[in-house]
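Colleague: I would like to learn how to read the inside of a protein model, one feature at a time. Could we work through an example together?

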Amino acid sequence: MSLLHTIDSPKDLKRLSVKELESLAKEVRRVIIHTTACTGGHLAPNLGVVELTLALHYVFDAPNDRIVWDVGHQCYTHKLVTGRRDRFHTLRQWQGISGFPKRDESFYDAFGAGHASTSISAALGMASAKHLKGCPSRIIAVIGDGSMTGGMAFEALNHAGDLGRDLIVVLNDNEMSISPNVGAFSSFLSRKLSSRTVMSLKREVESTLKAIPGVGANIVQLLKKSEESFLAFFTPGMLFQALRFQYIGPIQGHRLDRLIETFEAAKALKGPVLIHVGTVKGKGYEPAECDPARFHGVGCFDVATGKTAKDDADVPSYTSVFGRCLTELAEKDPRIVAITAAMPQGTGLDVFAQVYPKRFFDVGIAEQHAVTFAAGLAVEGYRPVVAVYSTFLQRAYDQIVHDVCLQNLPVVFAMDRGGLVGEDGPTHHGVFDLSYLRHIPNMVVMAPKDENELRRMLKTALQHKGPIALRYPRGSGVGVALDPHPTELPIGRGELLREGGDAVLVAVGASVMEALAAAEILAREGIEAAVINARFVKPLDVELIGRWAQRTSFVVTVEENVRQGGFGSAVVEALSDEGLMPPRLLRLGVPDTFVPHGSLRQLRKELGLDGEGIARSVREALATSKAHGVPIRAVG
């Protein structure tokens, strides 16, 4: 029997020898590699923390001791040894286990985390609560060096040093976030000495000093007492010590014996402690070690070659279409600059960065700074494009309102992963952006139905003289031909894609193609539904929508966004204000709940947002209206 199959809880780890733990680490790596090859997931980050995770659970007493992960996608080994081994094959699948810590999945998951830089704040809150209760258990925050580029992490470090609570912060330093880390702090962290270098330097200094007649031996003894200060001077220790943390490290993150020894020592210390651990992202799987950025978050792949299905895809992704189009437009307009928050590849800006390195800015995991930084560029006449996942832009809401929209600055927000994103689940679904952006004065919000319309909207955005947000989905486009030279769209104008007298389906973004599919299904049943591609959520094409509302007397809005305050709400408000409300109106979108993880196809089916689901809702609404014998207004 394999060692892993004997581990049902962290208590089972404690009876193993270090040699057995090393064998277990190899087995865990194999399971993670072969599982993510089938399910997709965050491979490289998890391969880098196998020994670190085993050592933490070996030394500390979870769940009494709390382990808080940052970012949560590092938790696969943690899940394997905390009772979820037999369900690990369901990772990120519909009704399977999550790819992130999830408090209602296991009491070993101390805190949910899908966004970066939150662990120290959460852990400090727990440590303070334990202090108030008089409880002696330990709180450990495991934070990546990429997450340390976020300002929230430093706010928490500052507060922790001031409070002086018992708190252990493990800094997992692999010199990567998703892509290679950038910034002054990352450069500072990289100034660490290997054990071999330290020992060599110490031996050389000691030998030289001992040769000094009379006083050499005394100087050597004095230096040995100052060894901690010596190391702190040459490592990031002096920064953390200035924040009143006891600094330990750097230590090798793949040596179980050293990790265990260090964690045991840290348990005995009082007050805040920071342990600096060096790891290798993708450790143990050559393709991931060679290209950790590509294997940070990967779809299904062949273990032998590392090749993914999308490597052979004929239809380009929305992300790649955006990146190439922005690069093309930047050739003719030197004012265009691109900004990302630690995700040049994830947002498609890696191409732009190669061609225009001086006009590309990676600010680290710091979305708030990215937005205000863009506002500063706009003040000086540049046309900044902030490329960011929809879910991460939420973190910069105040900056969007105060620093961009209030001053009516021409900043373009290119929101990738708008709508449902699939297997990453509720922390990553971009289903709130239409609601939190459309109510801000001066903001224009639009979403393309296909990849060619994305190019046209990007061209439109860069010509607009105020704030404008462009939202597009994850994954491949629909396969339409791309115009060689994108042309602008008239702002606030939609398009009629199909005529019909029984209902009008008004959709936006990725939902447009599903609405067209629904119209085809309904047509086979004798129900003729018109389809409008709204294009713009703000401003709406009230004239077009109102005309078809009056013609059909039944409006159905479709969106991959929460219904509260979303696109459908905008349509209702606009028709009501203009006195054009039809007798029947149905809003289809994401209900008032957090959507779980699963494939896009499964999630759209469950939410009734695929072609079949939309057709079913229209069919049922028409049947209900007919059964009552009078027109009804069904606001879903």
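Colleague: Is Arg438 buried or exposed?

Modeller: Please keep in mind that this is a predicted model. A residue counts as buried when its relative accessible area is under 20%. Arg438 has a relative accessible area of 14%, so Arg438 is buried. Arg438 belongs to helix 20, which covers residues 433-438.

Colleague: Which residues does Arg438 touch, not counting those up to four places away in sequence?

Modeller: Among them are Val445, Val537, Lys538, Ser569 and Glu573, together with Gly565 and Gly566. For Gly565 there is a further detail, since its backbone oxygen lies 2.7 Å from a polar atom of the Arg438 side chain.

Colleague: Which residues have the most contacts inside the largest nonpolar core?

Modeller: That core has 52 residues, and those with the most contacts inside it are Ile400, Phe413, Leu437, Met443 and Phe567. Helix 17, residues 367-379, gives the most to this core, with six residues. Leaving aside neighbours within four places in sequence, Phe413 is in contact with several residues, including Val371, Ile400, Val404 and Met443.

Colleague: How are helix 17 and helix 19 placed relative to each other?

Modeller: For a pair of helices, an angle under 35 degrees counts as roughly parallel. The axes of helix 17 and helix 19 (residues 397-405) cross at roughly 10° and come within 9 Å, and the two helices are therefore roughly parallel to each other. Their contact is made by Gln368, Val371, Thr372 and Ala375 of helix 17 and by Gln399, Ile400, Asp403 and Val404 of helix 19. By class, these are four nonpolar, three polar and one charged residues.

Technical notes:
Residues numbered from 1 in each chain as written. Predicted model: local features only at pLDDT ≥ 70, side-chain atom pairs only at ≥ 80, totals over all residues. Heavy atoms only, no water. Core = buried A, V, L, I, M, F, W, Y, C linked by side-chain atoms within 4.5 Å. Buried < 20%, exposed > 50% of the residue type's maximum accessible area, 1.4 Å probe, protein only. Helix = DSSP H or I, 4+ residues; strand = E, 2+ residues; numbered from the N terminus. Contact = heavy atoms within 4.5 Å. Polar contact = N/O pair within 3.5 Å; in protein donor to acceptor, adjacent residues only side chain to side chain. Axes fitted to C-alpha atoms, helices over the stretch in contact; angles between N-to-C directions. Parallel < 35°, antiparallel > 145°, perpendicular 65-115°, else oblique. Nonpolar A, V, L, I, M, F, W, Y, C, P; charged D, E, K, R; others polar.
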